[in-house]
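Trainee: I have a protein model open and want to learn how to read it. Can we go through it feature by feature?
Mentor: Yes, bring it up and start asking.

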Amino acid sequence: MLVLDPDGAPAVALDRLTLAERDWTGQEKLLGLLGHSHDTTAHPGRHSATLHAAHTRAGVAAPTRWRTVADLRAHHAGDAHQRELLQLGGLAGRHRVLAAEPVSVQRAPSVTGPVDVTAERDDWTSIAIQWVAPADQDALVAELTRPREEWVHLLPGHRSHSVLRGLDGTFVVNYAQWESEEAYRAFHHVPEERWPEDVRASRDRARKLTRDREYNTFRVVRSHTAA
């Protein structure tokens, strides 16, 4: 199980692998290869790892939590990681490896404790990566972590919303958990004109700060914690 916690998870790596839109066979191959790597390869300093399978556009997200930023960077520079990149590159259309730190976690009133990322619970998960100029990253983080999001947490089926800041300054990740697809789609079908005015204004500022955006929804199919 991976825990998103600004106070206790100093470094998170997000491997984001994309494929042709309907390449579900390729998705299964990637999941198998990454699962095998989690089981058989030593990852010094890695606390926990997860695998996410995409719902609508084929792809895989693999967030991992590291004990320190130094451990994460040492892993990325190591031979085992480079060999894994070569293997994955033969299957994925594109592979991004993003190093980030959790900066904010907001929960629904019914959710207590840290945000758990686990295959034991059937969350409908959305992951959005917003690319930003380094000079604008702090401003984007401020918009995405405003208390304005509190109204979302009162909606049926919403569990949590976490924001992670890219260590290189070029991106921000939104990681959101919903109890079901129905709850997720009900929220996204609410017209923006029905949102609170301050929420609309903040979302507009965030859009203007964002250079590009990647987005998909997933289910967690595997979670592992180091011994």
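Trainee: Is proline 10 buried, exposed or partly exposed?
Mentor: Remember that this is a predicted model. Buried means under 20% relative accessible area, and exposed means over 50%. Proline 10 has 35% relative accessibility, so it counts as partly exposed.

Trainee: Where is the place of proline 10?
Mentor: Look in the loop between strand E1 (2–4) and E2.

Trainee: Which residues does proline 10 touch?
Mentor: Leave out residues up to four places away in sequence. Then proline 10 touches Trp66, Arg67, Thr68, Val69, Ala100 and Glu101. Check valine 103 too. Proline 10 and valine 103 are 93 residues apart along the chain, yet their C-alpha atoms are separated by 9.3 Å.

Trainee: Now the strands. What holds a sheet together?
Mentor: Strands of a sheet pair through backbone hydrogen bonds, either parallel or antiparallel. In this model, eight strands close into a barrel, and the pairing is antiparallel. Trace the order E2-E4-E3-E10-E7-E9-E8-E5. On average, neighbouring strands of this sheet are turned by 35° against each other, direction ignored.

Trainee: How many bridges join strand E2 to strand E4?
Mentor: Eight bridges join E2 (residues 11–18) to E4 (residues 59–66). These two strands run antiparallel. For a landmark, find alanine 13, which stands opposite threonine 64 in E4.

Trainee: Which residue of E4 does alanine 49 stand opposite?
Mentor: Threonine 64 again; alanine 49 stands opposite that residue of E4. Now follow E3 itself. Five bridges join E3 to E4, and the two run antiparallel. A hairpin of four residues links E3 to E4.

Trainee: How many bridges join E3 to strand E10?
Mentor: Seven bridges join E3 to E10 (residues 210–225), again antiparallel. Here leucine 51 stands opposite arginine 222 in E10.

Trainee: Why is strand E3 described as largely enclosed?
Mentor: Count its buried residues. Eight of the nine residues of E3 (residues 46–54) are buried, so the rest of the structure largely encloses this strand.

Trainee: Let's turn to helices. Which strands does helix H2 lie across?
Mentor: H2 (residues 69–77) lies across E2, E4 and strand E5 (94–107). Its direction is at about 35° to E2.

Trainee: How do I read one face of a helix?
Mentor: Start with the general idea. An α-helix has 3.6 residues a turn, so residues three or four places apart point the same way. Now take helix H4 (residues 137–144). Gln137, Leu140, Val141, Glu143 and Leu144 are buried there. Seen down the axis of H4, the buried residues fall within an arc of 160°, so they line one face of the helix.

Trainee: What covers the buried residues of H4?
Mentor: The cover includes E5, strand E7 (124–132), strand E8 (158–166), strand E9 (171–178), H7 and E10.

Trainee: Is asparagine 174 buried or exposed?
Mentor: Go to strand E9, where asparagine 174 lies. Its relative accessible area is 12%, so asparagine 174 is buried. A polar contact of 2.8 Å joins its side chain to that of glutamine 130. Asparagine 174 also touches other residues, among them Leu144, His161 and Val163.

Trainee: What about charged side chains?
Mentor: Side chains of opposite charge can pair when their charged atoms come close. The count here comes to 10 salt bridges. In one of them, the side chains of aspartate 123 and arginine 121 meet at 2.8 Å, N to O. Aspartate 123 is buried at 4% relative accessibility, whereas arginine 121 is partly exposed at 24%.

Trainee: Where do glutamate 181 and arginine 185 sit?
Mentor: Both are in helix H6 (residues 181–188). They are four residues apart, so about one helical turn separates them. They form a salt bridge, with the closest N and O atoms 2.8 Å apart.

Trainee: How far apart are aspartate 204 and lysine 208 in helix H7?
Mentor: Four residues, or about one helical turn, in H7 (residues 197–209). Their side chains meet in a salt bridge of 3.2 Å, N to O. Aspartate 204 is partly exposed at 34% relative accessibility, but lysine 208 is exposed at 66%. Elsewhere, salt bridges that share partners join Arg94, Arg96 and Glu214 into one network.

Technical notes: Residues are numbered from 1 along each chain as its sequence is written. This is a predicted model: local features need pLDDT of at least 70, side-chain atom pairs count only at pLDDT 80 or more; totals for chains, interfaces and linings use all residues. Side-chain values use heavy atoms; hydrogens and water are left out. Two strands pair if DSSP finds at least two bridges between them. Axes are lines fitted to C-alpha atoms, for helices over the stretch in contact, and angles run from 0 to 180 degrees between N-to-C directions. Contact means heavy atoms within 4.5 Å. A salt bridge is a side-chain nitrogen of Lys or Arg within 4 Å of a carboxyl oxygen of Asp or Glu. Buried means under 20% relative accessible area, exposed over 50%, partly exposed in between (1.4 Å probe, protein chains only). The arc is that of the directions from the helix axis to the C-beta atoms. A polar contact is a pair of N or O atoms within 3.5 Å; within protein, one must be able to donate a hydrogen and the other to accept it, and residues adjacent in sequence count only if both atoms are side-chain atoms.
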